[in-house]
Amino acid sequence: MHEDFKRRVERLTLLVKEDTESNREEILREMSGFAHKHEALRYFITNSIAKTSNRRLISAQSFFLYRNDYLRMRINAWYPDGGRVGYTKERFDSFFSINRCHNHSADLYTVGIFGPGYTTQFKSTSQNLTNCHVGDEISFDRAWNDQLEVGKALFIPKGTVFHTQFCPSRYSISLNLIVDQSADCLQFELEDDRKTVRRVFDFVGLEQLAANPSDA
Ligand SMILES: [Fe+2]
């Protein structure tokens, strides 16, 4: 592993181990630092191109760089809408996680490290989601937009913050730090109306197929 990358990951591990909440600003600063040093990009390129491994590829756009007992780091590629050749829009969106309103079951820090960055619409809810099932509606209190340009680091808390990602204007890459995964925190994907639950996943990403667990 590249020395700078290793040093940064060790520093992040220390901060996460200590207390993610009180160290949040420093974690965001460390994440932002990845954008300007390019060690994450170098690591990604040498490991993905030189040593392709399906085990590290978790979806069409995501690749795990590193994991230990406290954190996981992954890199994501974002394609411009104009790059869609030979795909329907629906297939492209589903394949690259575009235009899908969802939350996460783990705290996530993200930083833009290449390109203009995708845009995101965020929405937060104070609703208790523990007993939320397919077909239920979620009500949101607040909505805001952001764009993940190079060096910009954002914190997306698990559970209550939903987001919809939109294609960047040019090819872009982001780097994620994933911490504090909760076994009791569900992940939801919403319908195109961005309020009705379409799919529910448990914390390891297994889809809950029944609308109500007691129907299973
Ligand atoms: Fe997401």
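# Reading the sheets, helices and core of a predicted model

Me: Which sense do β4 and β5 pair in, and over how many bridges?
Reply: The general idea is that strands of a sheet pair through backbone hydrogen bonds, either parallel or antiparallel. Here strand β4, residues 119-124, pairs with β5 in the antiparallel sense, over 6 bridges. Two of the facing positions can be found by eye: Thr 120 has Asp 146 of β5 as its bridge partner, and Ser 124 stands opposite Arg 142 in β5. Keep in mind that this is a predicted model.

Me: How far can the prediction be trusted, and what is the mean pLDDT of the protein?
Reply: The mean pLDDT is 84, and 84% of the residues reach 70 or more. Over residues 212-216 the pLDDT is below 50, and this stretch has 4 contacts in the model beyond near neighbours in sequence. Where pLDDT is low, the predicted coordinates should not be read in detail.

Me: How many helices and strands does the secondary structure come to?
Reply: The protein has 4 helices and 11 strands. Of its 216 residues, 26% count as buried. Among contacts between residues at least 6 apart in sequence, 74% join residues at least 24 apart.

Me: Back to β4 and β5. What is the strand order in their sheet?
Reply: The order is β5-β4-β7, an open sheet of 3 strands with antiparallel pairing. β5 (142-147) and β7 (161-166) stand at the edges with a single partner strand each, so one side of each has no neighbour in the sheet. From one strand to the next, the twist averages 20 degrees.

Me: How many residues of β5 are buried?
Reply: The number is 0 of 6, so β5 lies largely in the open.

Me: And Lys 123: is it buried or exposed?
Reply: Lys 123 lies in strand β4. A count of 20 or more other C-beta atoms within 10 Å makes a residue buried; Lys 123 has 21, so it is buried. Leaving aside neighbours within four places in sequence, Lys 123 is in contact with Phe 140, Arg 142, Ala 143 and Phe 162. Its C-alpha atom is separated by 8.4 Å from that of Thr 160, 37 residues apart along the chain.

Me: What is the strand order in the open sheet of 5 strands?
Reply: The order is β1-β2-β8-β3-β6, and the pairing is antiparallel. The edge strands β1 (62-67) and β6 (153-156) each pair on one side only. The twist averages 25 degrees from one strand to the next.

Me: Where should I look to see the pairing at each edge?
Reply: Start with β1 and β2, which form a hairpin with 3 residues between them. They pair in the antiparallel sense over 5 bridges, with Phe 63 opposite Ile 75 in β2. Then go to the other edge, where 4 bridges join β3 to β6, also antiparallel. There Val 111 stands opposite Ala 153 in β6.

Me: Which strands does α2 touch?
Reply: α2 packs on the sheet and touches β3, β6 and β8. Its direction makes about 30 degrees with that of β3. As for α1, that helix lies across β1, β2 and β8, running at about 120 degrees to β2.

Me: At what angle do α1 and α2 pack?
Reply: The angle is about 170 degrees, and the axes are 10 Å apart. Angles over 145 degrees count as roughly antiparallel, so α1 is roughly antiparallel to α2. To inspect the packing, show Asp 4, Arg 8, Arg 11, Leu 12 and Leu 15 of α1, which meet Glu 26, Ile 27, Glu 30, Gly 33, Phe 34 and Lys 37 of α2.

Me: Which residues have the most contacts inside the largest nonpolar core?
Reply: In soluble globular proteins, nonpolar side chains tend to be buried together. The largest nonpolar core here has 24 residues, and Met 31, Ile 113 and Leu 175 have the most contacts inside it. The elements that give two or more residues to this core are α1 (3-19), α2 (24-37), α3 (39-48), β2 (71-78), β3 (107-114) and β8 (172-179).

Me: What is Leu 175 in contact with?
Reply: Leaving aside neighbours within four places in sequence, Leu 175 is in contact with Met 31, Phe 34, Ala 40, Met 73, Ile 75, Thr 110, Val 111 and Ile 113. Two of these residues have appeared already: Ile 75 faces Phe 63, and Val 111 faces Ala 153.

Key
Residues numbered from 1 in each chain as written. Predicted model: local features only at pLDDT ≥ 70, side-chain atom pairs only at ≥ 80, totals over all residues. Core = buried A, V, L, I, M, F, W, Y, C linked by C-beta atoms within 7 Å. Buried ≥ 20, exposed ≤ 12 C-beta atoms within 10 Å, placed from the backbone. Contact = placed C-beta atoms within 7 Å. Pairing = 2+ DSSP bridges. Axes fitted to C-alpha atoms, helices over the stretch in contact; angles between N-to-C directions. pLDDT = per-residue confidence, 0-100. Parallel < 35°, antiparallel > 145°, perpendicular 65-115°, else oblique.
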